[in-house]
Structures are given as C-alpha cells and as structure tokens.
Amino acid sequence: MEIPTRYNPKETEKRILQEWLKSSTFHATKKTNKDPFSIVIPPPNITGILHMGHALNNTIQDVLVRYKRMRGYEALWMPGTDHAGIATQNVVERALAKEGKTKDDVGREEFQKRLWSWKDNYGSRIIDQLKKIGASCDWKRLRFTMDQAYSRAVGEVFLQLFNQDLIYRGNYIINWCPRCKTALSDEEAAHKEVDGWLYYLRYPVETKEGDKKYISVATTRPETMLGDTAVAINPKDKRYSWLKEAKVILPIAGRSLKIIEDKAVDPEFGTGVVKVTPAHDPVDFQLGKKHDLEFINIMNEDATLNQNVPENFQGLDRFEARAALVELLAQKKLIEKKEPYNLGAGHCYRCNTIVEPRISLQWFVKMKPLAQEAIKVVQQDKIKFYPRRWKKVYLNWMFNIQDWCISRQIWWGHRIPVWYCQDCYNPDSGDKKGIIAAKEKPEKCPDCGSQKLKQDPDVLDTWFSSWLWPFATFGWPFEKRGTRDEGRGTKEKKEEFEYFYPTNTLVTASEILFFWVARMIMASLKFTGKIPFSDVIIHGTVRDDKGIKMSKSLGNVIDPLEIIDKYGADALRFSLMFLAASGSDVFLSTDKFLMGRNFSNKIWNANRFIFSKIQDKKINIDKLEYSFEDESDAWILDKLNKTVANCSKAIEKHRIDEAIKKAYDFFWHSFCDWYLEIIKDNFNQEKANNSVFILISSLQLLHPFIPFITEEIFSLIKQNSSLPVTESISKSGWPKQQKIDINPESLVIFTKIIDSVDKIRDLRGDLGLGQEKISLEVKTNLGLREFWNRHKGWFSKLVAANNVNLVDNLERVFYQNKYWSINLKIDSANLDKFSQALDKKIDNFSSLIKKTEGKLKNENFIKNAPKNIIAKEKAKQSDFSKQLMRLKNLKEIIS
C-alpha cells in the first residue's frame, strides 16, 4: 500500500477516533490476571467548552492512562460531567431573559424542565471535545453528578451526616452573591484586592452629665452603619472609659447603640472605637452572639437596602446607598476624614460580583471532625502531592478549616432532602424538632404526627456532589441494585469498586485544591474508609508568552479547538507536554504548536522513507528480528534501551515533560538524523528489519503523548508487512529493553566516530567551507583500521568528503580522541582565506565577551536584574569564552 506523501491530521484523527469508539478500545473491567490502574476525571462543567487548561489537564491524565495500559495494567479512566449548579442556572436564565422572562415567571417545575433540556442539548459538548483531543476514557461509564444512581449517593451522604449531627442548620454570617442570589462557601468567595476608602464617621454621644460629644469610628462600608446595634472598645483602652456610662446615637437613624467592651477590639485600628453590625460582618456576628446584641439585616437578596433602614435609603443598591449616605453625612458634618484604603473583598467565583457578608439561615457541615483523618493520611504520605510543596499548603488549610455552608438558593442541583413540619417546626429553636431528613417525602411528622410537610427549597452546593466523585462514580452505595447500568447487579459493581478503588492518581489544578481535592479525601475516608487516590499531581496555569494568565477579557486566549483544526490534536498534546515542566506554569504562543506539527511530520516522513526503501528493494517484513550487522545496529539499540528506561522512570515520577523530551530526542536525532542516514545507502533485509523494529518501538514510546499518528502509522505497518501485530497500538505493549550482543567498547568507539562527524561539521563552519567537498586523513592504530574501513563510506557522506584516507602520519591535527586523529587537507593557497574567516569570528566573540563582562561588572545590573537574567548572562559569557578558545586553537593549527 502506498503511503501518502503528506500527513493529514484532520482526516486521520477523525477516522481513528471513530475506530476507537466503535471497538470500545478503552473499556476496562475487573481482570484477575492484571493489576488495576484507575483515574477519575475532574468532571468538567456541562456549561464548559474546551480551553487550554482542560487540554493540559486531560492530556496529562491520558498520558498516564495510556502508559499504564501499555505496561499491562487494566487501566480505567472514569469520565463524567458536573451539573455546575450556579453556572448552568445562569446560562438558562440568560436564555429566558431573551424571551423577556425570569425563572420566577415560569416557576420551578418549568424552569427545571428547561435546565434538563439545555443539559440534554448542550451538556455533552465538552465530552465530544475531550474525545477530539484523544482522551482514552472508558466512555461506556460516562457519569453525571445528577444522574439517578449518583443522586442516590448524594442523598445517602446527607442523611448519614445529618443523623450523626455533622450537618446542622442555623442563622450565621455567610457570603452572599447579590447577582446569583445565593450563599457561597468561603472557598467560592476568594478575596481580591480592591481600592477603597476608610471613612472616619462621627457618632453623637450624650454623656451622663448631659454634655454632647462625638466619637469617631472607622469603616470601609459606611452603608452598613444603618445596621449597627453597638459600638465596641477594648476594656484596656483607658481613652474611652468615660464612654461606658454615655449614650451613643446612630447618625441618620437616630437609634441608641449599646456600648460593649471586648478584647477582640484592636485599639490600634482607626480610632480604637469600632461600630458593630452583627448581621453584616463575621467578626461583628460573633460579638453580637457573645454580647446578646440585636441583629438587624438591612439588605434584600439583590443587595438593595430593605425596610430596616430610613425610608429615603430603601430600595437603593448598596453602592448607591453608600454614596448617598456619605453625601448626607458630609452635609451634617459627620465625616471627620477619609483615607485611601486597600481592602480584600470577597468575589463570587462564578460572576465576580463583590459578595456581601449577610446573616442568613443556611445548612452547614461540621468540617473539623472530618478533617482529622484527612490530615493524618497526608502527614503520613499515604497521599502524596506533586510538586511536594502543595503538601504544606493543604495541611495549613486543613488545620484552619471552617464549617462548610452547603445550601444554595438556586433551583438547579440536588434538592436538600429535608422536610419541615408546618405545625411544630420552629427555626429559632435550635433543635431538630419538626425537621425530617429523608430520601423521599415522609407521610407524617414523627414529632407531632402532622401531615403538613414542606420540603426545603434550597439545593446543595455543587461541590457537595463533587466531593463524592471518586467512589460515587463506581456505584456507591451498594445496598440497592443500581438503576443506571441496566443488567449489572450490585455484587458486580461492588467487586469492581474493590478492584479499582482506591484510584491511583488525581490530576488537577491548584485553584480547586480546597474546593475539591481536600473534600474528596475527607469524604472518601468517612464513607469508604479508604483514601480516594495515592498521588495528586497539581499542574501549573496556562499563560501567554508574556506570562499573563489567559483570559477572554484580555484577548490573549488560544483556542485549543482552533489549534486542533489547524495542526491536529497530536500537535496540541505534544507541545503542551513538552512545555509543561512538573508543576510549573505553561507559557504559550500559537507558534509553539509548530513544534508538535513538525514532529508529527518528521515521524510520518521517517515511516515513508523506511517503507519506500522496503518496497523498492522488495523486502518482506514478516518477523521482528533484530540483527547486529555492524556497530551502528548495536548503537541505536543501546540508545533505544536507555530511552525506554529514562522515559519509563520519568513518567513514573510524573515528569512527563522529561519523558517526551527523551523520546523526541531519540527519534529525531538518534534514529532519523543518525541511524537512518548511516544505513541509507546500505539498506538490506537486516537493516530493514532493524529499522522497522526501532520504528515500532518508537511509536510505542510516543503513543501516550501523540496517540493518533502513532496509531495510524502502526496500522500502516500492519498493511505494509506480514508482521503478526495487535489490532491497536494501545494493546501492543510498552517497548522492552533488548539484549545487545556486542563488545561494550565497540559501542564506545562507534560513539566516537559520530562525535568525529560533529567535530568535522563544526570545522567546516568555522572555516567557511559551505558545500565545498573536503579531503580527510585519519591516523589510527592497526586494530581500528578495519573498523574505519567498514564505516568510512557513510562517514564521508555525512561530512561531505571526497575521500577519507587512513595514513601513518599527519601534517596537522584538527581533531583527536583516544582512538584516532584527523587532519583536514588544506591547499596552502587557501590558508589566508581561512585565517581571515577565523579572525572575523574571533573578533566577534571577543566583542560579545566584552559586552557580557560589562553587564556583569555593572553594579546596578547585578543589584536590580532578576537572578535568572544574571545567570543567563554568566552562562553566555562562559559559552562565548569556550568558543573563543576553540577558534584561537584552530587559528594556531592552520598558522
């Protein structure tokens, strides 16, 4: 079969993907004769569209899974998607808005129908795109965090925690997003620096003697003063001891405020007197509970001010109210001063709105009891982080873990499985009377017998389902027959779970270390008694070539789908893995994907060259037998052996960039640049067998990184030979190190002749010989003359020499090693020309050295330049000095 001149990734990748899917190439089941290897995919949101972060994350996973599959493991990569509560609801709400409607207009039931319809129509886009990059998931196992079986697991976990008093409900300060109109956990409301003002407000005071004074309080959120119910001082602050018997009046509202003393008040902040707003500040909330203060909520769900503020502020947005209030206070001369102030404000992780600390009735999980075992397993290295620095980050967060707010005021998600008795439930009682947690609606209240039951309207935080992902995807809990996989019983699922679980590796980004990774560890230990995985690989962030994080708003995003369309998925994967050093950020520009495309072309052309030679010479390849016809065969096999060992070691240590660089260097340089060039003019049956053996081994090495082209060429080899190989390269095995039947010193000597080629090529460049043919003389001992006679044919070709003569004496020595010396025969008429060419190069390097020395002697440069820049300058100086020394020595030789 004729091999096409050019490789067409678009057509090839589409066809091969369909073949993989049709044949269920990546389906994994329990096998008694194989060790398991399993990974669960970080489930992308159903609203997601493939971006470079997805491409990086999933390519790393795919490399690991394909590698283990080829090493003989029963490798399972569990796929699935996340329902993404807030994100998905926002998408559907925007669609409704185009119809001039809101979710409240259509009602909960109709809105949920629209949500499911959207999921059915668009929720699989990201999965199709993951398939396009070659993700070798077991697609028969595709899970969704709201499918029936998974939802059963979510309900089971809620009920267990509820019954163990690890879930509770209460009025607490939470992060409230006015845009999404829902509570957020602390992790979902990351603080960002915001430029603001610190206002010093004057509060009127009436002393017991009847005098009128003012105290100054500092705040960054003046509008919240309308919810003040006290002012606080530190009991040791003698400046304000008089205040304890005075009466403080809240400006504008005219309400009397309590005066409390508490050690939590910092005398150094502001004036030492602080306003206390228990319903709108987490610290003030604790003060309010401790000192039995009134809690006044001044905001509606959309952050407009409510009926608890003076009438002229009601209905104003919080920031509009701030501006109006500051203006009114200034008119009344109740602002002492204001100062620029940089503050950390929580922002919604979905819409980036500044969140509002707000008292609200919510559901929480007690985290400290769950954290204890999750801390131990990491301390004991039962779970290891790569890079290791993330272990400390994880532990620091776990030691300071706070309770998790799990209720969300949206309609898309797992509805909280709690019913309230309308006759005996009292939300202010603090007990569980009239609260019934159950998988289905109870017939009656177990406390009073009433049948008036109403389900909690809220849904669970998306992460409450995601933290179960490693084991819920396998069908946990196993008490009942699953409903999702028809015909597969509970016993079979449980056996499969025990075979594949715990999983081996999790690949994720640092930003969800606390959202997801830590919680999965806690959940797995709590509900299965096992760790969820043993290795956590945390990769870097994808940035542009200037180091700026990619963002649509900045316009610096590179679309992976466009790269695939232009260069192919293999080019995308190769370049990402080549550039993704362990745990470091990846710096990308579009032209960096040319590297992947060019490598694919190199592999294609090498295959075409080998099989065109085989066809031209009518050679039949029916056995993968390796022959040692001469030292070149042993040399390339030795290189392959070392590459297999180094690649395997690097992947096992999660240094994927090192592995791909080793494989790339072997194929491009050792195999193509050297071996194929050496054997080109002596291509016989033995060399053909050897070439195909090395080619197949190389394809196996490269398959985890660039699966499409390796599968295609593997298929072409089957079609163009009589070799008994497997149907898919993914089932062909990982290359094994081969025994080399040759004297080890012969390999060393052969390496020296390759080094000699490099040195002569350098010499040609130094003397400006261009394409001019040269004559060489070689002086060596009698024992190596036969070696030279075997190899001087290809040697002559590679150094562009008319002839290479073995002699007893040399006029000059341009290069020598332990085994021989080499002279380049020079016509005396050309000596001046060569000398002048060397002088120019010597002057050039002298100038470069002088320039770098100047920089390195400049105190300002040494003081201000980054360390890596200084190191680069020192490396350049060292390299220039070596080059200069080499050229001077060469000048001396020809003089």
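Biologist: How many cavities of 30 Å³ or more does a search of the whole structure find?

Modeller: This is a predicted model, where local features need pLDDT of at least 70, side-chain atom pairs need 80 or more, and totals for chains, interfaces and linings use all residues. Residues count from 1 along each chain as its sequence is written, and side-chain values use heavy atoms, leaving out hydrogens and water. A cavity is a set of 1 Å grid points where a 1.4 Å probe fits but can't get out. With a 30 Å³ minimum, the whole-structure search turns up three.

Biologist: Which residues lie nearest the centre of the largest cavity?

Modeller: The largest cavity holds about 120 Å³, counted as space filled by probe spheres on the joined points. Helix 2 (52-70), strand 23 (535-539) and helix 20 (656-679) each give its lining at least two residues; lining residues have an atom within 4 Å of a point, and helices (H or I, at least four residues) and strands (E, at least two) are DSSP runs numbered from the N terminus. Of the 15 lining residues, those nearest the centre are Ile60, Ala580, Ala581, Ser582 and Gly583.

Biologist: What volume does the second largest cavity have?

Modeller: Its lining includes Glu188, Arg408 and Asp461. Helix 3 (85-97) and strand 21 (459-460) each supply at least two lining residues. The second largest cavity comes to about 40 Å³.

Biologist: Which element gives the most residues to the largest nonpolar core?

Modeller: A nonpolar core joins buried (under 20% relative accessible area, 1.4 Å probe, protein chains only) Ala, Val, Leu, Ile, Met, Phe, Trp, Tyr and Cys through side-chain atoms within 4.5 Å. The largest has 212 residues, with Phe671 and Trp820 among those touching the most other members. Giving the most, with 14 residues, is helix 20.

Definitions and conventions. On a 1 Å grid over the protein atoms alone, a cavity is a set of points where a 1.4 Å probe fits but cannot get out, and a pocket is an open set with protein on both sides within 12 Å along at least five of seven lines; lining residues have an atom within 4 Å of a point. Buried means under 20% relative accessible area, exposed over 50%, partly exposed in between (1.4 Å probe, protein chains only).
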